[in-house]
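Me: I'm new to this one and would like a close look at a single part of it. Could you pick one strand, walk me through its neighbours, and then show me what lies around it?

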Amino acid sequence: YIDPHMNHAVTPSVIERCQNRRRYVHDFMVKAAKADVFIMTLGLAEAWYDTKTGLYLNIMPHRSARDREPDRFQFHVLDYNDILQCLEDIYALLRTYGNPYIKVLLTVSPVALSATFSGNDVLIANTYSKSVQRAAVEAFIQRHEGVDYFPSYESVTLSDRRRAWRDDQAHASDEIVRYNVLKMMGAYMGVEHATADSRGDNFADAFEMVRQANTIDKAG
């Protein structure tokens, strides 16, 4: 069995284990009802829709499932209005069933699409995906006082690729992830909360620490 609402890296298993995983995710997600701050990263604009359940999946449905029920799953490329409405729906759920004064912090993932089902070149598909999400996020935060955007996407994509990306040129480097986390902590929690790990408000130290660790790791 496979749970199409889990991460794609989760392998198929017996039904009992799939159910246990789902319970764990459920028990974790209900904590959002008690949260003061909700942080969410938007990833991509391509999605698979299950017409039988009326739910979007978190992964592409397995080929055997598509072959068995060829009319059940639909591939959707979300547009600006789709994404903006999804953000509004999530925000409404958080405030209705949780803290009505909850703060929301949004980011957009810098990790690019490596493949697309849209029929376009993946470079075009990725540019559309990131651009439409970023535009929808900007409109959303302008509507709500308790919502903000942290520019980790811009920080990664507009930085020197040799510093910002791992060797696979697909995933953000450890040092720029660390840099952005420290910047976010300093911006929203106050510098005093970030000093224990960063040894002060000097983010160059964070870059240098991770650079040295990577050098040592490559040397064995």
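Reply: Start with Tyr49, which stands opposite Gln74 in strand E4. Before going on, keep in mind that this is a predicted model. Tyr49 has a partner in E3 as well: there it stands opposite Tyr56.

Now for the strand pairings themselves. Strand E2 covers residues 46–50, and five bridges join E2 to E4 (residues 73–77), with the two running antiparallel. E2 also pairs with E3 (residues 55–56), again in the antiparallel sense, this time over two bridges. As a bit of background, strands of a sheet pair through backbone hydrogen bonds, either parallel or antiparallel. Between E2 and E3 there's a hairpin with four residues between the strands, and in it Gly54 takes a positive phi near 75°.

How much of E2 is buried? Four of its five residues are, so the strand is largely enclosed by the rest of the structure.

With E2 in place, you can look at the other sheet pairing. Strands E1, E5 and E6 form an open sheet in the order E1-E5-E6, and here the pairing is parallel. E1 (37–42) and E6 (147–149) are the edge strands, each pairing on one side only. From one strand to the next, the twist averages 20°. Six bridges join E1 to E5 (residues 103–108), and Phe38 stands opposite Val104 in E5. Helix H3 (residues 80–97) packs on this sheet, where it touches E1, E5 and E6; its direction makes about 160° with that of E1.

That brings us to the nonpolar residues. The largest nonpolar core has 25 residues, and those with the most contacts inside it are Leu42, Ile83, Leu87, Val104, Leu106 and Val137. E1, H3, E5, helix H4 (122–143) and E6 are the elements that give two or more residues to this core. H4 gives the most, with six residues. In general, nonpolar side chains in soluble globular proteins tend to be buried together.

For a closer look at this core, try Leu42. Leaving aside residues up to four places away in sequence, Leu42 touches Ile83, Leu87, Leu106, Thr107, Val108, Ser109, Gln133 and Val137. There's also a second, separate core of five residues, which includes Val156, Ala164, Ala172 and Ile176.

If you want to trace all this on the model, go back to Tyr49 and find Gln74 and Tyr56, then move over to Phe38 and Val104.

How values were computed. Residues numbered from 1 in each chain as written. Predicted model: local features only at pLDDT ≥ 70, side-chain atom pairs only at ≥ 80, totals over all residues. Heavy atoms only, no water. Pairing = 2+ DSSP bridges. Axes fitted to C-alpha atoms, helices over the stretch in contact; angles between N-to-C directions. Contact = heavy atoms within 4.5 Å. Core = buried A, V, L, I, M, F, W, Y, C linked by side-chain atoms within 4.5 Å. Buried < 20%, exposed > 50% of the residue type's maximum accessible area, 1.4 Å probe, protein only.
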